[in-house]
Amino acid sequence: MLWLAPIVLLLAGSSTCNAGMIGRKMLEDDFPAAYSSGHVADSSTVDLQSAEEYTVLASSRVTNTGPTTVGGLLGVSPGSEVEGETYISYSEPTPNKRASTTAAAIALDDLVNAYNNASGRVKNVVNIDVVNIGGLTFTPGLYKSTDSLEVSSGTLYLRGIGVYIFQMEKTFTANTVAAGTFMAHQSISVKTGASITGRLLALNAAVTMQSNTVVYPTSESRRR
């Protein structure tokens, strides 16, 4: 049986986070981890507070091209524009709608706190010295790259139930189904046709979607 990790946080520091599709599997067997610090890493939960109810949250604007389905809340603040909103439909679970600017502003403040919490963690950090993490296995914990990260080939394997935090100073790009909470300091751009189970949260810029499905990460989404 394959399980998906409850929380995977992908933090892009100052550039674009390109969410495509990540082949990501949770392993129950004793498959060796590619990266291990040899001690318990700081993998405590990051509290999103009110931002947890959002699947799409942006500071400046949301841009959409083609039919896109969003589960959960969609919000923009302090901007307000949702380009291509007529092509966005909302699915279960509730709430599943466009949030008010006021509500989105509160969520964005909570997002800033969550992002600073996760990006500021340094205890027991494990440094990643490769760009392509496809085909590698990780255990719950804190991982950092001073470059970009990508899943350009192979499957990203996660071994163990817990919180996975990947900090990167540049971009994140993946080419196959994405699952997790994407928090970008600037913008998030989702590849055409990609299906995301999780959240697209952009602190200071836009979220761009192109005929996508963004599924709210309920407890049932942890199972495959």
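Reader: Does Ser59 count as buried or exposed, and at what relative accessibility?

Author: This is a predicted model, and in it Ser59 counts as buried, because its relative accessibility is 10% and the cut-off for buried is under 20%. Ser59 lies in the loop between S4 and S5, and, once residues up to four places away in sequence are set aside, Ser59 touches Val76, Ser77, Pro78 and Gly79, together with Leu108 and the run Ala202, Leu203, Asn204 and Ala205.

Reader: Before going further, how should I read the confidence of the model, and where does pLDDT stay under 50?

Author: Where pLDDT is low, the predicted coordinates should not be read in detail. Here the protein averages a pLDDT of 79, and 74% of the residues score at least 70. Values stay under 50 over residues 1-6, for which the model has 28 contacts beyond four places in sequence, and also over residues 220-224, for which the model has 11 such contacts.

Reader: How do I read the faces of a strand, and which residues of S7 lie on each side?

Author: In a regular strand the side chains alternate between the two faces of the sheet. In strand S7 (residues 73-76), Leu73 and Gly75 are on one side and Leu74 and Val76 on the other, and with all of these residues buried, both faces of the strand are covered. Strand S4 (residues 54-58) runs parallel to S7, and four bridges join the two.

Reader: Which residue in S7 stands opposite Tyr54, and what surroundings does Tyr54 have?

Author: Tyr54 is found in strand S4 and stands opposite Leu73 in S7. At 3% relative accessibility, Tyr54 counts as buried. Beyond four places in sequence, the contacts of Tyr54 include Leu73, Leu74 and Gly75, as well as Ala103, Ala104 and Ala107, and also Arg199 and Leu201. The C-alpha atoms of Tyr54 and Gly71 are separated by 8.3 Å, although these residues are 17 apart along the chain.

Reader: How do I read a nonpolar core, and which residues touch the most other members in the largest one?

Author: In soluble globular proteins, nonpolar side chains tend to be buried together. The largest nonpolar core here has 33 residues, of which Val56, Val62, Phe138, Phe166, Leu200, Val207 and Met209 touch the most other members. Leaving aside neighbours within four places in sequence, Val207 is in contact with residues including Val56, Leu57, Ala58, Arg61, Val62 and Thr63, and also with Ile188, Leu200 and Ala202. A second, separate core has 20 residues, among them Ala51, Tyr54, Ala107 and Leu142.

Reader: How do I read a helix, and which residues of H1 are buried?

Author: An α-helix has 3.6 residues a turn, so residues three or four places apart point the same way. In H1 the buried residues are Ala104, Ala107, Leu108, Asp110, Leu111, Ala114, Tyr115 and Ala118. As for length, the 19 residues of helix H1 (residues 101-119) should span 27 Å at 1.5 Å a residue, and this agrees with the 26 Å between its end C-alpha atoms.

Reader: How do I read salt bridges, and how many does a search of the whole structure find?

Author: The idea is to look for a side-chain nitrogen of Lys or Arg within 4 Å of a carboxyl oxygen of Asp or Glu, and a search of the whole structure finds three such pairs. In one of them Glu81 meets Arg61, with the closest N and O atoms 3.3 Å apart. Because Glu81 lies in strand S8 (residues 81-83) and Arg61 in strand S5 (residues 61-65), this pair ties together parts that are 20 residues apart in sequence. Arg61 also forms a salt bridge with Glu83, where the closest N and O atoms are 2.5 Å apart; here the pair ties together parts 22 residues apart in sequence, since Glu83 lies in strand S8.

Reader: Where do Glu85 and Arg98 lie, and which residues do shared partners join into one network?

Author: The side chains of Glu85 and Arg98 meet in a salt bridge at 3.3 Å, N to O. Glu85 lies in the loop between S8 and strand S9 (88-91) and Arg98 in the loop between S9 and H1, so the pair ties together parts that are 13 residues apart in sequence. Salt bridges that share partners join Arg61, Glu81 and Glu83 into one network.

Technical notes:
Residues are numbered from 1 along each chain as its sequence is written. This is a predicted model: local features need pLDDT of at least 70, side-chain atom pairs count only at pLDDT 80 or more; totals for chains, interfaces and linings use all residues. Side-chain values use heavy atoms; hydrogens and water are left out. Buried means under 20% relative accessible area, exposed over 50%, partly exposed in between (1.4 Å probe, protein chains only). Two strands pair if DSSP finds at least two bridges between them. A nonpolar core is a set of buried Ala, Val, Leu, Ile, Met, Phe, Trp, Tyr and Cys residues joined through side-chain atoms within 4.5 Å. Contact means heavy atoms within 4.5 Å. The expected span of a helix is 1.5 Å times one less than its number of residues. pLDDT is the predictor's confidence in each residue, from 0 to 100.
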